Amino acid sequence: MADDVETISLTEAAERLDVHYMTAYRYVRTGRLHATKKGGQWVVPVSEVENFNTASETNERPVRGELIPKLLEARLLAGDENGSFQLLDEAHTAGASPEELFIDLLAPAMSSVGQRWHDGEISIADEHLATATALRVVGRFGPKLATRGRSRGTIILAGVSDDHHSVPTAILRDLLRSRRFDVLDLGAHTPVDSIIDRAKQVDDLIAVGIAVTNPDNEHTVTETLQRLDGALSVPVILGGGAIQGADHARSLGPCTYSESARHALELFDAAHRAASEPK
Ligand code: B12
């Protein structure tokens, strides 16, 4: 913030907005009120407060859905775990479903981070900070989405060897847990032998989910699918940003293709139904 910008303390801003200090602080943490820290104290441009006041009626309600991915992206790029968490938490309190939180709010924020990295607008360090913060927020939010009740069986998720993208399986893990599956997320860059070893230790295995996000890794994907097909008798659900459609998935090897996160959830439900049918 330029030195010539007239600023006031957050306490003063709260008074001028006629809200409690903590409400004004929440506006800052969720990115609705632009503020910076000077000497350890939050300061707010006077112009921000004036602009904010004119739109006060919308600020009491949770942030409108379409605004969240952009605000969330800014919080993630700032490494602001609390602010990112709070944005999702408010949307959750306002009724957003687990799918809406992670697929419609978090995933687009991360996708925009990727596009801005690709366009050279942000650095690899920025992308890494946003990703590390996203993983912390998913980890913190996940338990809020888990539902009680009898387990519907176990699902193993993994990214193939040489694919270092770990958010796709982290997100699907919590969405599947919210549907009462036990989920073993082996994470990114998992050798196929390890997937097979772990799968053989599970007695209620429903399916294996493979996420592919790195486009330069097809031979490893093919080897993984062929090995899993030979070793396991459960469906292997394949999806992710690097899979360009059903034909592409089929060309890579034996699998059930999922075109989106929601489609993947439906396919895991179908695998559960198939596994529950009397033999
Ligand atoms: C973070 C990131 C990285 C980080 C990953 C760190 C980490 N711990 O995760 C690092 C820096 C390592 C990285 C590296 C690279 N990356 Co990168 N990365 C990203 C970024 C910005 C975010 C990924 C992410 O988390 N997305 C959010 C989640 C939610 O992604 P999602 O795909 O929507 O996930 C959903 C699907 O998988 C879906 N789904 C559908 N069916 C199924 C089935 C199953 C079983 C599962 C689990 C999920 C699933 O559900 C998920 C949840 O909603 C993306 C941008 C983007 N558009 O995603 C680029 C991006 C994926 N990366 C890209 C590239 C090219 C690379 C590199 C090759 C760059 C390079 N030359 O070095 C390397 C490859 C490294 C490697 N060996 O993997 C490109 C891929 C382009 C393409 N598809 O053609 C992207 C799109 C950036 C861009 N715009 O160009 N990357």
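The legends below describe close-up views of a predicted model.

**View 1. The open sheet of 5 strands.**
The strands of this open sheet follow the order β5-β4-β6-β7-β8, and their pairing is parallel. β5 and β8 (256-257) are the edge strands, each of which pairs on one side only.

**View 2. Pairing of β4 with β5.**
Strand β4 covers residues 154-159 and strand β5 covers residues 182-185. The two strands run parallel and are joined by 4 bridges. Leu157 stands opposite Asp185 in β5.

**View 3. Pairing of β6 with β7.**
β6 and β7 also appear in the sheet order given for View 1. These strands run parallel, with 4 bridges between them. Val208 has Val236 in β7 as its bridge partner.

**View 4. The unit formed by β4, α9 and β5.**
Helix α9 spans residues 167-177. Together with β4 and β5, helix α9 makes a β-α-β unit that is right-handed. The loop between β4 and α9 contains His165, a residue that returns in the next view.

**View 5. His165 and the cobalt atom.**
The cobalt atom belongs to the ligand and has a single donor from the protein. That donor is NE2 of His165, at a distance of 2.3 Å. His165 also has a polar side-chain atom 2.8 Å from a nitrogen atom of the ligand.

**View 6. Other polar contacts of the ligand.**
Ser166 approaches the ligand through its backbone: an N or O atom lies 2.8 Å from a ligand oxygen atom. Asn214 uses its side chain instead, with a polar atom 3.3 Å from a nitrogen atom of the ligand.

**View 7. The pocket and the shell around the ligand.**
The largest pocket holds the ligand. Several elements give two or more residues to the shell around the ligand: α7 (98-118), α8 (124-145), α9, β6 (205-211), β7 (236-239) and α13 (261-276). Of these, α7 provides the largest share, 7 residues. In total, 35 residues surround the ligand. The closest are Asp162, His164, His165, Ser166 and Ser258. Two of these names were met above: His165 as the donor to cobalt, and Ser166 through its backbone contact with a ligand oxygen atom.

Definitions and conventions. Residues numbered from 1 in each chain as written. Predicted model: local features only at pLDDT ≥ 70, side-chain atom pairs only at ≥ 80, totals over all residues. Heavy atoms only, no water. Pairing = 2+ DSSP bridges. Right-handed = clockwise from strand over helix to strand, strands pointing away. Donors = N, O, S within 2.8 Å, 3.2 Å for Na, K, Ca; no water. Near = heavy atom within 4 Å. Polar contact = N/O pair within 3.5 Å; in protein donor to acceptor, adjacent residues only side chain to side chain. 1 Å grid on protein atoms, 1.4 Å probe; cavity = no way out; pocket = protein on both sides within 12 Å on 5 of 7 lines; lining within 4 Å. Sits in = over half its atoms within 2 Å of the grid points.
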